[in-house]
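Here is a brief report on one protein chain. It starts at a single residue and widens to the whole chain.

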Amino acid sequence: MTVDELYGVLNPATRDWTDGLLSKIFRDMNSPIDEKKPERRYILYDGDVDALWVENMNSVMDDNKILTLPNGERIRLEPYCAMLYEVFDLQY
């Protein structure tokens, strides 16, 4: 996937924002939960982590689990959300 497909793209002519796959998933994960029935939500990344992909992720997401999109919007993952990375080999 390209960076635009993953995070989203801002049309420079119209200033319209189109969500990417990851920004859409972050929004969906942050939907409210039923407090009577607590749950955990996870994004599972499966596969080897490419160096370029990691660099892009580091530049858009900080240690506070806030995703900063190219349009300047910031999406904070709620405390009941987490990300897991499953790789074939620990060298990645």
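## A tyrosine in a strand

Tyr42 sits in strand S3, which covers residues 41–46. The model is a predicted one.

How accessible is Tyr42? Its relative accessibility is 48%. Buried requires under 20%, and exposed requires over 50%. Tyr42 therefore counts as partly exposed.

## The nonpolar patch

Tyr42 also belongs to a nonpolar patch on the surface. Its partners there are Leu44 and Leu84. The patch made by these residues has an area of about 320 Å².

## Fold and dimensions

The protein chain has three helices and six strands. Their order along the sequence is α-β-β-α-β-α-β-β-β. The C-alpha trace spans about 45 × 40 × 20 Å along its principal axes.

What share of the contacts with a separation of 6 or more joins residues 24 or more positions apart? In the protein chain that share is 52%.

## Burial and surface

The protein chain has 92 residues, and 26% of them count as buried. The accessible surface of the chain comes to about 6600 Å². Carbon and sulfur atoms hold 53% of that surface.

## Charge

How many side chains of each sign does the protein chain carry? There are 10 positive and 18 negative side chains. The centre of the positive set and the centre of the negative set lie 10 Å apart.

Technical notes
Residues are numbered from 1 along each chain as its sequence is written. This is a predicted model: local features need pLDDT of at least 70, side-chain atom pairs count only at pLDDT 80 or more; totals for chains, interfaces and linings use all residues. Side-chain values use heavy atoms; hydrogens and water are left out. Patches are made of residues with over 30% relative accessible area and no salt bridge: like charges are joined within 9 Å, nonpolar side chains (Val, Leu, Ile, Met, Phe, Trp, Tyr) within 5 Å. Accessible areas come from the Shrake-Rupley method with a 1.4 Å probe; for residues, only the protein chains shown count as cover. A salt bridge is a side-chain nitrogen of Lys or Arg within 4 Å of a carboxyl oxygen of Asp or Glu. Helices (H or I, at least four residues) and strands (E, at least two) are DSSP runs, numbered from the N terminus. Buried means under 20% relative accessible area, exposed over 50%, partly exposed in between (1.4 Å probe, protein chains only). Contact means heavy atoms within 4.5 Å. Lys and Arg count as positive and Asp and Glu as negative; His and the chain ends are not counted. The place of a charge is taken as NZ of Lys, CZ of Arg, CG of Asp or CD of Glu.
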